[in-house]
Number of protein chains: 2
Amino acid sequence: MTKKITLAKTSFETKEFLDHISLDCVIFGFHDNELKVLTLQLKRTLENALPGGFLKKEETLEEAAKRVLKERTGLDQIFLKQFKVFSDPLRSKNNPQKPDYIDDDLPYDLDFFAKRFITIGYYALVDFTKVNATPDVFSQKCEWKNITESSNYILDHYEIIRDALEVLRLQLRHQPIGYNLLPDKFTMPELQKLYETILGRELDRRNFQRKILSYKILNKLGERKKGGAHKSPFLYEFNLEKYQKALNEGLSGTW
Amino acid sequence: MTKKITLAKTSFETKEFLDHISLDCVIFGFHDNELKVLTLQLKRTLENALPGGFLKKEETLEEAAKRVLKERTGLDQIFLKQFKVFSDPLRSKNNPQKPDYIDDDLPYDLDFFAKRFITIGYYALVDFTKVNATPDVFSQKCEWKNITESSNYILDHYEIIRDALEVLRLQLRHQPIGYNLLPDKFTMPELQKLYETILGRELDRRNFQRKILSYKILNKLGERKKGGAHKSPFLYEFNLEKYQKALNEGLSGTW
DNA sequence: GCAAAAGTGTTAGTCCTACACCCATGG
DNA sequence: CCATGGGTGTAGGACTAACACTTTTGC
């Protein structure tokens, strides 16, 4: 913690960051059959915010986003995609020179937060079970929130979440969304719930299974999922090679 | 022209623009059955560049892009979509403090162009026949180039064009691409050629027509296209209301 | 043994594909 | 009058949507 504060101090004081440019990450995870977003709860105001950061002078946006992802989740190698820039001058208009969520004793460039920012929105897909959620210096808590919870986000952060979800829907056939959001081994009902959640509507259990299997992108494993009541479903894993190839063409069908 | 120089002078000297942030527009037009991009030829070096500009302190990126579009094409109300941010620090690394394409007598902030820029890529769809192509202060010519011509673009501008085309392909079912690229009245073969160009492959004439008509998004008009040899095709126009509604669902099919 | 969840199968209808045929126009 | 491009039609096959039946599991 001390180290982080020191880092922040160094960063802002030496003007390591570019002015005006920030990025925010909508980190999606899937748990309990629900699509969730990793959020920060800010100190003092207790408002919710997306994990984000500023662009350093010598890095690409992708590198900056990976840096943020690593710090909040502990993970490397995360699936990450830029999806939109938010540039309304009014979006940061209400930012005071020294936002409430900054500790008095935290050294920083007084003007930095008062500047106008455009923010580049990224969405990330992670395996919920592998994430070690870690707050940043401005936050007291880092936690998963259901995407339907819209309350108490700062600035336009909930709008960013909604936009990310919409993009996710549109790219469902072209991005390895299932692969990145589910654990290595998963059941067909879990995969289906994921698709249903993203699409926002229910799918026929039997048709879903047949279609997914027709793509030949899954390897069927031995039974499991003993925990649940009722008949235990099979476990599957993605055949990554075939999955990638199929996505390049776009998974066909009417979903 | 004199007026423009004055504007530029005022702008740079008063620091009207945000540092580090630019935007570039891939302006697509369709003519002679070919997909074209509006390009600038820079003074001195005669290199090609995309129309672009810088973000003013009090405007959104959309407003900035519309400003650029208006200046280069004379058109308002252009279909415009942000599609990607280009942020590699090396992309502007080769920019000298005073680029060759700047006239000696053109006043500007000496450091401005030497800064690192991220650029936000927009693509625009315009009716070729309505564009009045106008160069900016750095250019001697503004002209349409075929998208296959890749030679002599500055920085990563041709990469931006390729990425724009790829996005166009992916969004073909969800954006009013036909409506914005074609003149108000057009023939079925023209519409087909547009689709073929964007998709990069040929389509069956008869199946194409049947499918497009099945969407009920076109109004059939009287004959015409007298100029061409052979049988004269019908003219159509878009039924904008139905088109918009259909796009929200996404035009179905396997294209 | 019963309710609920999961595996497997069937069928009718729709959509796509790949063609064949005729009509209009300009050289 | 014929080559070329444009308008219209049709048959086979693939895919989808909707639904029935059986199997497994925990209470």
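**Protein–DNA and interchain contacts in the predicted model**

In this predicted model, 22 residues surround DNA strand D, and A:R206, A:H230, B:R205, B:R206 and B:H230 come nearest to the strand; a residue is taken as near a molecule or strand if one of its heavy atoms lies within 4 Å of it. Local features were accepted at pLDDT of at least 70 and side-chain atom pairs only at pLDDT 80 or more, whereas totals for chains, interfaces and linings use all residues. Residues are numbered from 1 along each chain as its sequence is written, chains are lettered from A and ligands numbered from 1 in the order in which they are written, and side-chain values use heavy atoms, with hydrogens and water left out.

Of the atoms of DNA strand D that lie within 4 Å of the protein, 51% belong to sugar or phosphate, the rest being base atoms. Polar contacts are pairs of N or O atoms within 3.5 Å; within protein, one atom must be able to donate a hydrogen and the other to accept it, and residues adjacent in sequence count only if both atoms are side-chain atoms. Base oxygens of strand D are approached by polar side-chain atoms of B:H230, at 2.9 Å, and of B:R210, at 3.0 Å, while a polar side-chain atom of A:N207 lies 3.0 Å from a base nitrogen of DNA strand D. Helix 6 (205–214) of chain A and helix 6 (205–214) of chain B each supply at least two residues of the surface near this strand, where helices (H or I, at least four residues) and strands (E, at least two) are DSSP runs numbered from the N terminus. By class, the surface near DNA strand D comprises four nonpolar, eight polar and 10 charged residues, with Ala, Val, Leu, Ile, Met, Phe, Trp, Tyr, Cys and Pro counted as nonpolar, Asp, Glu, Lys and Arg as charged, and the others, Gly among them, as polar.

Around DNA strand C there are 23 residues, of which A:R205, A:R206, B:R206, B:N207 and B:H230 come nearest. Sugar or phosphate accounts for 54% of the atoms of DNA strand C within 4 Å of the protein, and bases for the rest. Base nitrogens of strand C lie 2.9 Å from a side-chain N or O atom of A:R205, 3.0 Å from one of B:N207 and 3.4 Å from a polar side-chain atom of A:H230. The elements giving two or more residues to the surface near DNA strand C are helix 6 of chain A and helix 6 of chain B. That surface divides into four nonpolar, eight polar and 11 charged residues.

Within chain A, the axes of helix 5 (residues 188–199) and helix 6 come within 10 Å and cross at roughly 100 degrees, the axes being lines fitted to C-alpha atoms, for helices over the stretch in contact, with angles running from 0 to 180 degrees between N-to-C directions. Helix 5 of chain A is therefore roughly perpendicular to helix 6 of chain A, a description applied to angles of 65 to 115 degrees. A:M188, A:L191, A:Q192 and A:Y195 of helix 5 meet A:R205, A:F208, A:Q209, A:I212 and A:L213 of helix 6, contact meaning heavy atoms within 4.5 Å. At the start of helix 6 of chain A, a side-chain oxygen of A:D204 reaches to within 2.9 Å of the backbone nitrogen of A:R206. In chain B, helix 5 (residues 188–199) and helix 6 pack at an angle of about 100 degrees, with their axes 10 Å apart.

Between the protein chains, the contact takes 25 residues from chain B and 25 residues from chain A. The two chains bury about 1,800 Å² between them, 62% of it on carbon and sulfur atoms, buried area being the accessible area (1.4 Å probe) that two parts lose on being put together, summed over both. B:H20, B:V85 and B:R116 supply 24% of the area that chain B buries against chain A, more than any other three residues.

Notes. Angles under 35 degrees count as roughly parallel, over 145 as roughly antiparallel, 65 to 115 as roughly perpendicular and the rest as oblique.
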